[in-house]
Number of protein chains: 2
Amino acid sequence: MSPLITTISRSYPWMKTPLIVSAPMRVTSGPTLAVAVSRAGGLGFIGPGVKTQDISSDLQTASSLIESLSASQSQPSALQNQPILPVGIGFQLWSDDLEVAISTISKYKPCAAWLFAPRHGQKDLDTWSRRIRHASPSTRIWIQIGTLAEARELAQGSEEPDVIVVQGAEAGGHGRANDGLGVMALLPEMMDCLPAHIPVFAAGGIADGRGAAAALCLGATGVVMGTRFLAATEARISPGYQREIVRASNGAVSTTRTLLYNRLRGTVGWPEEYSPRTIINKSFIEHQAGRPFEELKALHDEALKAGDAGWGPEGRLATYAGAAIGLIHDVKDAETIVRDVQEEVLQRLSNVQKANSAQ
Amino acid sequence: MSPLITTISRSYPWMKTPLIVSAPMRVTSGPTLAVAVSRAGGLGFIGPGVKTQDISSDLQTASSLIESLSASQSQPSALQNQPILPVGIGFQLWSDDLEVAISTISKYKPCAAWLFAPRHGQKDLDTWSRRIRHASPSTRIWIQIGTLAEARELAQGSEEPDVIVVQGAEAGGHGRANDGLGVMALLPEMMDCLPAHIPVFAAGGIADGRGAAAALCLGATGVVMGTRFLAATEARISPGYQREIVRASNGAVSTTRTLLYNRLRGTVGWPEEYSPRTIINKSFIEHQAGRPFEELKALHDEALKAGDAGWGPEGRLATYAGAAIGLIHDVKDAETIVRDVQEEVLQRLSNVQKANSAQ
């Protein structure tokens, strides 16, 4: 074990290497998914709720699921008898309510709090980190960044994170609007800038063992997958949305970063440095062709009523997803996803090493 | 050895694993660099000339350099006694002259011809491949692509390439203008689409052993580095340009894709699906601020006269470079670059495997 993996293992003793994390995707990363990922030897995060208040019921559900594990298993689960709740919780700082977050963390003591998208940069990250640590000293602070500027601010902060997540431009959902970069060049340059004693998890464009092994070679201690877990049995996602994740391919041209779908959904207020990656459908195609927003909005709201049929190439609903959608061909349970990726990482590392060591 | 590495070794018996290639960068990849890379156990490519006619003297120089190796070495070089010239040559199909290319290849028999940027897609690639194979059967055909659409066209082509280069969006110089994607998500999706029996080399954002190891995990048989070799002792590059490659960092924000510098230099005619990545300097900053092109052009031409001082943050000259510039901190000779990357790849694979196998 490397010292950085040891650091992670001390905080999350149930985790198995290679270290796999499911991203705190807003609403879609519910407690069932998070618990399933942790149970599989990964670390599952519950995503931010529509309102901060919503996470209380998610954490309650996660807590109950953990308690009920003994009844459903012949062997005691590694997740039980943990002094903390073995799932993490994610926050979007610009929109989440700090006081509600603190009281909820204080009550449920999740093993990790993932902080992202502050409105006032490092100042907000410091405030949230300090308050969370005071309310729940065993809750580890994960901070997500995507630029060297953020890395440098982090170094100036008063609260050092326990884990840093570096998100590349391939990621789905919200990421850097204009100053993002693919993981291949971003991660090593970030690694050279970040403190060596803090584990770094890589996110963005990783959907199988190949990407995970690559990220570890680039310097990550573990990896985060988002979109791959949208196609997990346990994701809290509409079947139409999930079908589209499985169907879509060619992420280079079938996904884009745009604020259009936020506007159509009425999701406003994100700090301007962020915008989401989504699968392109008719809303975007007609937007590019110049159709007025009000018409698109009316059609979008009609599509909302259509439910699952509102997604797909002919659909109009927001389909936030990463550029690696072309690597996702089926819905699997979270445990299978975690194990398959872990096995493929080790297999891949071994094969590449063998093939290249023989002179 | 994997079957794909064996395929490469048959064509290029002097190459050592991990397989490292220096990209055929226009003008800057001269014969001295190409021979030095091949001599180090990699495969060096000579870049396209300003005109196709220019490559004849480059290949002549490369040929002489190979012949003179015995005089300068105590042991015979693996590069000697090859039936072919152990360096490759690159072409930009839209601007290069096929007849001149064929007669030059026929005369010098370079071990590889790298075809890129056709004006008429697969049709041009097929024509060039067929003609080159007829003129020099031992010259292997390398074809560079960057999209799934190109991969599918390749599968429909009449001439199967010997090697495919998949270039990600992080790459310097010319790449996909609008439909590019970072290597992390692009390469595995491309690998799943390409024929399994053709070796794939990955390009874009790779500047050290971390990126090279990552690319191999993503499925590449070997890697191509461009920008890293701009900072090689043997590169045919102005000192001012080279200093800027070493100085610049934060590739996410200090590089961009823009046609501005092509226009300033008078480089016109590239098919519209391509545009180059460059380091941002005053030309681009003032262009974004709205300064008229004619003023920028006059200042650019002044800067041209200033020579090396025309590059740098206060400079105005084209500084084509990849997004991984932040990983390049020094000028090294090509042999050191190749060896350092190869050693780091093996070290990295071994360390990651060890750290993650221990449960």
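Which residue of chain B forms a salt bridge with Arg210(A)? Keep that in mind while we look around; the model you have in front of you is a predicted one, and we'll start where its chains A and B touch.

Chain A brings 53 residues to this contact, and chain B brings 53 residues too. Put together, the two chains bury about 4300 Å² between them, with carbon and sulfur atoms giving 60% of that area. On the chain A side, have a look at Met184(A), Cys217(A) and Asn356(A): these lose the most area to chain B, and together they make up 16% of what that side buries.

Now back to our opening puzzle. The partner of Arg210(A) is Asp192(B), and the closest N and O atoms of this salt bridge are 3.0 Å apart. Why can such a pair form? Side chains of opposite charge can pair when their charged atoms come close. Across the interface of chain A and chain B there are 2 salt bridges, along with 11 residue pairs in polar contact, counting pairs where both residues have pLDDT 80 or more.

Which parts of chain A do the touching? The elements that give two or more residues to that side are α6, α7, α8, α11 and α15 of chain A. The largest share comes from α15(A), with 9 residues. Sort the residues on chain A's side by class and you get 28 nonpolar, 17 polar and 8 charged.

Let's zoom in on α15(A), then. This helix meets its counterpart α15(B), which covers residues 334–357 of chain B: the two axes come within 10 Å and cross at roughly 145 degrees. The crossing is left-handed. On the α15(A) side, the residues making this contact include Leu346(A), Leu349(A), Val352(A) and Asn356(A), while α15(B) offers, among others, Leu346(B), Leu349(B), Val352(B) and Asn356(B). You may remember Asn356(A) as one of the residues that lose the most area to chain B. What classes of residue meet here? The contact between α15(A) and α15(B) has 6 nonpolar and 8 polar residues, and no charged ones.

Finally, let's step away from the interface. Over all chains, the structure holds 36 salt bridges. One to find in chain B joins the side chains of Glu150(B) and Arg176(B), at 3.1 Å from N to O. This pair links distant parts of the chain: Glu150(B) lies in helix α6 of chain B and Arg176(B) in strand β7, 26 residues apart.

Note on methods
Residues numbered from 1 in each chain as written. Chains lettered and ligands numbered in written order. Predicted model: local features only at pLDDT ≥ 70, side-chain atom pairs only at ≥ 80, totals over all residues. Heavy atoms only, no water. Contact = heavy atoms within 4.5 Å. Buried area = accessible area lost by both parts, 1.4 Å probe. Salt bridge = Lys/Arg side-chain N within 4 Å of Asp/Glu carboxyl O. Polar contact = N/O pair within 3.5 Å; in protein donor to acceptor, adjacent residues only side chain to side chain. Helix = DSSP H or I, 4+ residues; strand = E, 2+ residues; numbered from the N terminus. Nonpolar A, V, L, I, M, F, W, Y, C, P; charged D, E, K, R; others polar. Axes fitted to C-alpha atoms, helices over the stretch in contact; angles between N-to-C directions. Left-handed = near helix turned anticlockwise from the far one by under 90°.
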